Amino acid sequence: MSIKMNGYNKENETIKDKVERIAREAGWSVYIDDETEDHICFDFGKYSPAGQDFHVSAELEDMEIETLMDNLNSRYADFDCSEETFLWLDSTGHGTNGAPYDMKDLYEDMEACQEMIMELYRAFESAEEEFL
């Protein structure tokens, strides 16, 4: 059975199309950083609660959605809120380049960014059967 919405045929979606659609439905922008026949490096972007233009990249290898999900899960697990906060602080411990001024607010925004990665992972997890 073909699912059609305004001339759109979900059955004919490529894996790349599905990844882009699911991420956009979850509120993320999607860019392709690199693409070969069996590898795509996606760059996902979304604004944090404090207004940071946050991006996370993840790779799809051998056109298997599990590789993208594993990559996102690793990004989540490896995301160091303290280190990310430190990158945005000036020498006096205050936010720079448009980051929240107070270190605590900046740290909380980094925690939100980490959670955003998990939310993106969950969006793909919820749609995993679409990739079978």
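## Exercises on salt bridges and a sheet

The count of salt bridges in this predicted model comes to 6, taking a salt bridge as a side-chain nitrogen of Lys or Arg within 4 Å of a carboxyl oxygen of Asp or Glu. The model is a predicted one, and the exercises below work through some of its pairs and one of its sheets.

### Exercise 1

Work out which acidic partners Arg 21 meets in salt bridges with Glu 13 and Glu 130 as candidates, and describe the surroundings of these residues.

Solution. Start with Glu 13, whose side chain meets that of Arg 21 in a salt bridge with an N to O distance of 2.6 Å, which is within the 4 Å cut-off. Next take Glu 130, which also forms a salt bridge with Arg 21, the closest N and O atoms being 2.3 Å apart. Arg 21 belongs to helix α1 (residues 15-25), while Glu 130 sits in the segment after α4 (103-126), so this pair ties together parts that are 109 residues apart in sequence. Turning to accessibility, Arg 21 has a relative value of 13% and therefore counts as buried, and Glu 13 is buried as well. Glu 130, at 25%, counts as partly exposed. As a last step, place the pairs in their wider setting: Glu 13, Arg 21, Glu 25 and Glu 130 are linked in a network of salt bridges.

### Exercise 2

Determine whether Glu 115 and Arg 122, which form a salt bridge, are buried, partly exposed or exposed.

Solution. The closest N and O atoms of Glu 115 and Arg 122 are 3.1 Å apart. The relative accessible area of Glu 115 is 30%, and that of Arg 122 is 41%. Because buried means under 20% and exposed means over 50%, Glu 115 is partly exposed, and Arg 122 is partly exposed too.

### Exercise 3

Reconstruct the order and pairing of the strands in the open sheet, and then locate the helix that packs on the sheet.

Solution. The open sheet is formed by 3 strands in the order β3-β4-β5, with antiparallel pairing. Its edge strands are β3 (29-36) and β5 (53-61), each of which pairs on one side only, and from one strand to the next the twist averages 20°. Strand β4 (residues 39-47) runs antiparallel to β5, and 9 bridges join the two; within this arrangement, Lys 46 stands opposite Phe 54 in β5. Finally, helix α2 (residues 65-78) packs on the sheet and touches β4 and β5, its direction making about 140° with that of β5.

Conventions: Residues numbered from 1 in each chain as written. Predicted model: local features only at pLDDT ≥ 70, side-chain atom pairs only at ≥ 80, totals over all residues. Heavy atoms only, no water. Buried < 20%, exposed > 50% of the residue type's maximum accessible area, 1.4 Å probe, protein only. Helix = DSSP H or I, 4+ residues; strand = E, 2+ residues; numbered from the N terminus. Pairing = 2+ DSSP bridges. Axes fitted to C-alpha atoms, helices over the stretch in contact; angles between N-to-C directions. Contact = heavy atoms within 4.5 Å.
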